[in-house]
Amino acid sequence: MTDKDYNPSSCTPPIPPTSEDESFARLRLLRSRRVGIATYNRLLAEHGSARRALAELPSIARAAGVLNYETCPEAVVYAEMRAAKTVGARLVIQGSSDYPQTLNDLSDAPPMLWIIGDATLLNRPTVSLVGARNASSLGTRMAKALARGLGEAGYIVVSGLARGVDAAAHLAALPTGTIAVQAGGVDIMYPVENTRLAEDIAKQGLRISEQPVGLQPMARHFPSRNRIIAGLGQATVIVEAAARSGSLITARDALDQGREVLAVPGHPFDARAAGCNMLIRDGATLVRHVADVIEVLEPLHPERGQDARQRRSDSPPRPEPDLHETDALHSRILSRLGPSPVAEDQLIRDLELAPASVTAVLVELELNGHVLRQSGGLISRVN
């Protein structure tokens, strides 16, 4: 008996849990051997409750040629529930009011989620924002700018709690709301360097996982996590992604789920931009700033888009840059650069100027072919 033996789209959605006993039975059913999401949904549809499905499961397995089949022991589920209580996690089951409506559209929607934090975020307008783990300085700044702007416009930012772009997006969206989808158990801090960030998200946002509490993440768990990231967001934004990367898997999941995909372009010589440039070539919306994302989202939430436009119209206009000052900064930057790469952060410190003003000019010089950006945040002059 395997998931591929039937079509999950033919299954009716699981009915809401009616008691704690049914919730326990559902978790036990899902944790039973050879029961995947499609099997779980079919068993519930055919038998009406998880308790009846558990009772029939051994005979169903025998009919499928699986001898001496045993369902998940109750002690295993009790242990998982005790561990969840210890870390302050609670179970959200598909069909309940807390379950995110965006995930209900998926044929392989997780039947249940362990969550730590503010469950109300699951049913607010959301945008998924992911990207490279080895993100450049510009990439992380772009991720922060997009996450901050989306939060100010009323959107919850969803990401995967990885290092690089994910961490930058979560950090910038903390004040307005962010959801971290974890590959392992909801209580497992991975990577360890993001432990403080994960703790802050639990206090100010939400951490979720479909995996058992206490499970250490393995490579096979990340693609499953990525489908949830894509499914939660009403659009997915990619900031820096290599040609073969988990971020592109998330983008493909979003496309398969009928979501909008947007990408930030990058320099053709930067391998971290290859995936984004490919997505744009294939029809993804090009993102220059947060307004490009909001423009795509506004048709989904007309009232929210109107509020955002009103806030933008009420904001004072930005002063036009002084051309003489810009030319002078061009010369200062180029005079400090040569064929040997220099760290961008060091250049900014040497100039003793605001990072934002230097970064803007560096982007312009890069586009004009005067400077070359290399891996590790290094910059050199093109002679």
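Two strands count as paired if DSSP finds at least two bridges between them. With that in mind, a good place to begin in this predicted model is strand β7, residues 235-239, which runs parallel to strand β8, residues 260-264, and is joined to β8 by five bridges. Two of the facing residues can be picked out here: alanine 235 has glutamate 260 as its bridge partner in β8, and isoleucine 238 stands opposite alanine 263 of that strand. Between the two strands comes a helix to look for, as β7, helix α10 (residues 246-256) and β8 make up a β-α-β unit that is right-handed.

Strand β7 also has a neighbour in strand β3, residues 126-131, and this pairing is parallel too, with four bridges. Here valine 239 of β7 is the bridge partner of glycine 131. As for its surroundings, β7 is mostly covered, with five of its five residues buried. The side chains of Ala235, Val237 and Val239 point one way from the strand, while Thr236 and Ile238 point the other way, and all of them are buried.

Stepping back, the wider setting of β7 is an open sheet of nine strands with mixed pairing. Following the order across the sheet, the reader meets β1, β2, β6, β5, β4, β3, β7, β8 and β9. The edges are held by β1 (90-93) and β9 (285-286); each has a single partner strand, so one side of each is left without a neighbour in the sheet. Helix α8, residues 195-204, packs on this sheet and touches β2 (112-117), β5 (178-181) and β6 (206-209). The direction of α8 makes about 105 degrees with that of β6.

Attention now turns to the charged side chains. Side chains of opposite charge can pair when their charged atoms come close, and the structure holds 14 salt bridges. One of them joins arginine 141 to glutamate 344, with a distance of 2.7 Å from N to O. This pair links distant parts of the chain, 203 residues apart: arginine 141 lies in helix α6 (residues 137-152) and glutamate 344 in helix α15 (residues 344-351). The two partners can be told apart by their accessibility, as arginine 141 is partly exposed at 28% relative accessible area, whereas glutamate 344 is buried at 2%.

Another salt bridge brings together aspartate 98 and arginine 90, whose closest N and O atoms are 2.9 Å apart. Aspartate 98 is partly exposed, with a relative accessible area of 26%, and arginine 90 is likewise partly exposed, at 38%. A further salt bridge is found between aspartate 270 and arginine 272, at 3.2 Å from N to O. In this case aspartate 270 is buried with 17% relative accessibility, and arginine 272 is buried with 8%. Elsewhere, salt bridges with shared partners connect Glu22, Arg26 and Arg51 into one network.

Finally, the cysteines deserve a brief look. A disulfide is a covalent bond between the sulfur atoms of two cysteines, and the structure holds zero of these. Among the cysteines, cysteine 72 is buried at 6% relative accessibility, and cysteine 276 is buried with a relative accessible area of 0%.

Note on methods
Residues are numbered from 1 along each chain as its sequence is written. This is a predicted model: local features need pLDDT of at least 70, side-chain atom pairs count only at pLDDT 80 or more; totals for chains, interfaces and linings use all residues. Side-chain values use heavy atoms; hydrogens and water are left out. A salt bridge is a side-chain nitrogen of Lys or Arg within 4 Å of a carboxyl oxygen of Asp or Glu. Buried means under 20% relative accessible area, exposed over 50%, partly exposed in between (1.4 Å probe, protein chains only). A disulfide is a pair of cysteine sulfur atoms within 2.5 Å. A crossover is right-handed if, with the strands pointing away from the viewer, the path from the first strand over the helix to the second runs clockwise. Contact means heavy atoms within 4.5 Å. Axes are lines fitted to C-alpha atoms, for helices over the stretch in contact, and angles run from 0 to 180 degrees between N-to-C directions.
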